[in-house]
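Thanks for coming. I will go through one helix pair and then some of the empty spaces. Please have the model open.

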Amino acid sequence: MRPNENEVYIFNPDYIMQNDLNRVLLFSRKQSNGLSVPNWESFLHPVHAKIFCFFTFNRSLKSNISLLGEYFERDEMAIRKILFPFIENPLSVYTKYKEDDVYIPKNVIVNRNQIAGEAAFLNLDTDAFDCRKVDIKTRRINKGPQLLTIMLNNSCISDCIYCYADKKTPAKNSLSTFRIMELIDEAQTLPVQKINLMGGEIFLHPDWSTILRKIVESNLSPEYISTKYPVTDTIIQSIQESGFVNPVQISLDACSSDLLMRILSVDSDYHLKFLKGIKLLDDSGLNYRINSVLTTYNTKKDVFEKLFGFISGLNNITDWRITPAINSYWIEYDFFQKLKPTRKEIESLYEYIENEVAPYSKIPILINRPAINREFQYCATGSKDFGGYECSALNNHLFILPDGKATICEQLYWLPKFIIGDVSVNSIAEVWNSIAAKKLLNLERKDIQNGSPCRACNLFESCFSDRNRCWVDIIKAYGYDKWDYPDPRCALAPSMIHNLDFL
């Protein structure tokens with residue numbers, strides 16, 4: 001339907017534009033009006049950003065068409081042809097500007113009448129999106145990370161036998177709450193879209209509720225909060241008072257005191273306290289879900305049925321997620337191999353759930369099949385074609401350890417090769433563009449040891465510049481001393497010393 005040019009159309013307030021030096025980052029920070037695409041992120045050509053600036057003022061579409069014509073020195077028919085695909089577009093739009101691919105989300109420009117309440121006219125200046133050169137292809141955000149994860153501590157109330165975390169390194173001189181608050185303030189000035197909190201156990205941090213409230217108020221709410229702590233009324237009240245509305249993820253691997261003592265190394269009272277906490281959550285109105293990790297101890301039908309019996313009695317749980325334990329660099333490999341369930345055991349349980357339980361369950365049961373269907377040593381065209389999730393390390397994610405050291409991925413922890421700064425003495429932006437970060441970003445052949453097949457590979461430049469190699473999997477498979485080996489998905493990767501697959 002052709003828009004009414006006498007009415008006011010505005011840039012959808014759910015979307016945010018930020019100048020990223022040589023392109024413009026467009027992202028959705030929240031979904032408040034139901035018209036936008038949640039978790040959207042793409043790069044705009046500066047020209048598109050400048051067009052959208054005209055729709056941050058309280059004026060009619062007809063006036064904007066006239067002003068755009070004057071600004072770009074084009075006739076109004078040409079402006080309409082360029083502009084109308086972006087007005088109340090029901091689907092995301094793919095377009096081009098010269099040689100650059102540009103992706104624009106649905107409803108990027110909407111009728112003012114579709115937005116509830118008073119519209120905030122931002123009056124954006126087109127000069128704010130000037131770029132001396134344009135680069136839309138490079139994945140890495142220039143100004144700072146899009147996702148910031150703050151590890152508040154590495155202390156737990158349990159000692160899970162499958163834990164992938166580095167719990168042996170003492171976190172001395174932990175970041176003060178005051179400094180964490182400063183980092184949250186800085187994050188608001190950067191392309192950061194969310195700040196995730198994790199531990200250890202976040203509920204063991206004395207100021208967790210103050211930090212969470214600050215993040216929520218800054219519109220950077222965590223995707224979820226994960227805990228093995230027996231939830232209390234006090235914790236629930238603090239979460240509610242913070243304004244946090246995303247899921248609380250409860251980790252529950254069995255409904256047996258003996259099994260939980262064996263899997264989590266907890267005392268005999270833990271079981272009943274934890275189940276009581278889940279029931280408090282169920283009555284609280286908070287958004288919550290349950291996650292279960294499979295090991296040789298609980299990948300059994302009778303264990304699952306007992307656990308399902310408890311979970312199916314809950315009324316307000318959103319879903320139940322089931323995933324097998326994954327290899328840990330921090331646990332001795334031979335011990336972990338005995339701990340991991342076999343592929344046959346997992347498949348048998350998954351088939352039972354899919355065929356005999358899930359169809360009749362009032363609770364969605366989400367099983368992690370990709371974890372057991374990973375392929376290795378198959379890709380001969382470099383990291384850009386690796387299957388699975390794209391690596392966020394050095395591209396859009398920064399991980400802050402409890403002492404302020406910053407690393408590129410949560411599973412690398414304090415490994416020296418991947419520490420790129422320290423936010424106790426530097427800003428997020430300084431760490432993001434530190435000398436250490438740029439060295440990892442721009443590795444050369446001479447930086448790679450002679451024993452690595454990567455050093456002489458014809459795909460070295462493209463594979464390393466695409467930055468989709470998983471350093472975590474490389475280190476798990478070959479060891480920290482072979483951090484520069486091929487990703488196990490690469491066809492040229494040697495046989496894994498420590499097998500990441502399920503046997």
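In which hand does H5 pass H6 in their crossing? The crossing is right-handed. Bear in mind throughout that this is a predicted model.

Some detail on that pair. H5 covers residues 208-217 and H6 covers residues 233-242. Their axes lie 8 Å apart, and the packing angle is about 25°. Angles under 35 degrees count as roughly parallel, and H5 and H6 are therefore roughly parallel to each other. On the H5 side, the residues in contact are Trp-208, Ser-209, Leu-212, Arg-213 and Val-216. On the H6 side, they are Ile-235, Ser-238, Ile-239, Glu-241 and Ser-242. Sorted by class, this contact has five nonpolar residues, three polar and two charged.

Next, the cavities. The structure has three of them at 30 Å³ or more, and I will cover two.

The largest cavity has a volume of about 90 Å³. Its lining includes Ala-393, Leu-440, Leu-441 and Leu-443. Phe-464, Arg-467, Asn-468, Arg-469 and Trp-471 also line the largest cavity. Six residues of that lining are nonpolar, one is polar and two are charged.

The second largest cavity holds about 60 Å³ of space. Among the residues around it are Asp-253, Ser-292, Leu-294, Asn-298 and Val-303. Phe-304, Leu-307, Trp-320, Ile-322 and Leu-349 belong to the lining of the second largest cavity as well. Three elements give two or more residues to it: strand S12 (288-294), helix H9 (301-311) and strand S13 (320-324). Which of these has the largest share of the lining? That is H9, with three residues. By class, the lining of the second largest cavity splits into seven nonpolar residues, two polar and one charged.

Last, a pocket. The second largest pocket encloses about 420 Å³. It is lined by 18 residues, and those closest to its centre are Glu-41, Ser-42, Phe-43, Arg-139 and Glu-390. Two strands, S4 (41-44) and S6 (100-104), each contribute at least two residues to this lining. S4 gives the largest share, namely three residues. How do the lining residues of the second largest pocket divide by class? Six are nonpolar, six are polar and six are charged.

To recap, H5 and H6 cross in a right-handed way, the largest cavity is about 90 Å³, and the second largest pocket is about 420 Å³. That is all I have for today.

Conventions:
Residues are numbered from 1 along each chain as its sequence is written. This is a predicted model: local features need pLDDT of at least 70, side-chain atom pairs count only at pLDDT 80 or more; totals for chains, interfaces and linings use all residues. Side-chain values use heavy atoms; hydrogens and water are left out. On a 1 Å grid over the protein atoms alone, a cavity is a set of points where a 1.4 Å probe fits but cannot get out, and a pocket is an open set with protein on both sides within 12 Å along at least five of seven lines; lining residues have an atom within 4 Å of a point. Grid points are joined across faces, edges and corners, and a volume is the space filled by probe spheres set on the points. Helices (H or I, at least four residues) and strands (E, at least two) are DSSP runs, numbered from the N terminus. Ala, Val, Leu, Ile, Met, Phe, Trp, Tyr, Cys and Pro count as nonpolar, Asp, Glu, Lys and Arg as charged, and the others, Gly among them, as polar. Axes are lines fitted to C-alpha atoms, for helices over the stretch in contact, and angles run from 0 to 180 degrees between N-to-C directions. Angles under 35 degrees count as roughly parallel, over 145 as roughly antiparallel, 65 to 115 as roughly perpendicular and the rest as oblique. A crossing is left-handed if the near helix is turned anticlockwise from the far one by less than a right angle, and right-handed if clockwise. Contact means heavy atoms within 4.5 Å.
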